[in-house]
Amino acid sequence: MLKRTIYSLAIVALIAGCSSGTKLNETPVVDRGGQGSGGAASGVAPVSIDQSAQTAQGPVGVARIVYFDFDSYTVKPEFQSLIDGHARFLKANPQRRISIEGHTDERGGREYNLALGQKRSEAVRRALVLLGVSDSQIEAVSFGKEKPAVQGTGEEVWAQNRRAEITYR
């Protein structure tokens with residue numbers, strides 16, 4: 001019994017030592033009650049819907065990468081128009097599917113970064129679903145720190161690796 005108690009305490013200490021202040025169970029996505037669903041009147045740039053959407057790679061002129069702050073999976077307001085553009089394209093082309101790939105910088109453990117990358121991809125997925133995209137059109141995956149966009153160290157490099165990439169299939 002004593003051996004079991006010591007083992008349990010060791011596991012609890014290990015888990016507590018690896019934790020951070022980021023609450024990975026709560027994805028902060030806000031439903032803004034239909035904002036961003038309009039055209040120029042709502043301040044959102046129009047998106048070109050390609051008539052040959054079967055072969056197109058998504059909306060023309062809309063970026064595909066959402067960047068995140070350190071140790072965060074909150075979608076920043078500056079990426080709302082990007083998400084709006086992809087949402088409008090996907091709603092107009094319900095046969096299209098996307099994969100959202102969550103990534104992190106090199107800092108932190110492998111398991112933590114995989115979880116954080118998943119939360120980043122899920123945050124973008126939830127934002128798209130709130131705008132009316134069918135959940136069946138979206139796959140959210142994480143690569144953690146395994147596929148950096150840029151090699152190296154330092155804040156400038158790390159900032160480019162903290163991202164979620166939208167890929168059309």
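**Charges and rings around Arg-162**

Let me begin with Arg-107, which lies over the face of Trp-158, at 3.8 Å from the ring centre. Before I go on, please keep in mind that what we are looking at is a predicted model. There is a second arrangement of this kind, in which Lys-147 lies over the face of Phe-143, here at 4.2 Å from the ring centre.

Arg-107 also brings us to the charged residues, since Arg-107 is linked with Asp-105, Glu-155 and Arg-162 in a network of salt bridges. As a general point, side chains of opposite charge can pair when their charged atoms come close. Within this network, Arg-162 forms a salt bridge with Asp-105, and the closest N and O atoms of the two are 3.4 Å apart. Arg-162 lies in the loop between α4 and β4, while Asp-105 lies in the loop between β2 and α3, so the pair ties together parts that are 57 residues apart in sequence.

Are these two residues buried or exposed? Both Arg-162 and Asp-105 are buried; for Arg-162 the relative accessible area is 5%, and because buried means under 20%, Arg-162 falls in that class. If we leave aside the neighbours within four places in sequence, the residues in contact with Arg-162 include Tyr-67, Phe-68, His-103, Arg-120 and Glu-155.

How many salt bridges does a search of the whole structure find? The search finds 10, and I will pick out two more of them. In one, the side chains of Arg-110 and Glu-146 meet at 3.7 Å, N to O. This pair, too, links distant parts of the chain, with Arg-110 in helix α3 and Glu-146 in the loop between β3 and α4, 36 residues apart. Arg-110 is partly exposed, at a relative accessible area of 47%, and Glu-146 is likewise partly exposed, at 46%. In the other, Glu-165 forms a salt bridge with Arg-163, and the closest N and O atoms are 2.5 Å apart. Here Glu-165 is partly exposed, with a relative accessible area of 21%, whereas Arg-163 counts as buried at 3% relative accessibility.

Let me turn now to helix α2, residues 80–92. At 1.5 Å a residue, the 13 residues of this helix should span 18 Å, and the end C-alpha atoms are indeed 18 Å apart, which agrees. Among the buried residues of α2 are Leu-82, Ile-83, His-86, Phe-89 and Leu-90, and what covers the buried residues of this helix includes β1, β2, α3 and β4.

That leaves the aromatic rings, of which the structure holds two pairs. Tyr-67 and Phe-79 form a tilted pair, 6.3 Å centre to centre, with 50° between the planes. Tyr-67 is in strand β1 and Phe-79 in the loop between β1 and α2, 12 residues apart, and the pair links distant parts of the chain. Of these two, Tyr-67 is partly exposed, with a relative accessible area of 29%, while Phe-79 counts as buried at 11% relative accessibility.

In the other pair, the rings of Phe-89 and Tyr-168 have their centres 5.5 Å apart and their planes at 90°, so the pair is edge-to-face. Phe-89 lies in helix α2 and Tyr-168 in strand β4, so this pair ties together parts that are 79 residues apart in sequence. Phe-89 counts as buried at 0% relative accessibility, and Tyr-168 counts as buried at 6%.

Conventions:
Residues numbered from 1 in each chain as written. Predicted model: local features only at pLDDT ≥ 70, side-chain atom pairs only at ≥ 80, totals over all residues. Heavy atoms only, no water. Buried < 20%, exposed > 50% of the residue type's maximum accessible area, 1.4 Å probe, protein only. Contact = heavy atoms within 4.5 Å. Salt bridge = Lys/Arg side-chain N within 4 Å of Asp/Glu carboxyl O. Helix = DSSP H or I, 4+ residues; strand = E, 2+ residues; numbered from the N terminus. Expected span 1.5 Å × (residues − 1). Phe/Tyr/Trp six-rings, centres within 6.5 Å; stacked < 30°, edge-to-face > 60°. Lys NZ or Arg CZ within 6 Å of the ring centre and 35° of its normal.
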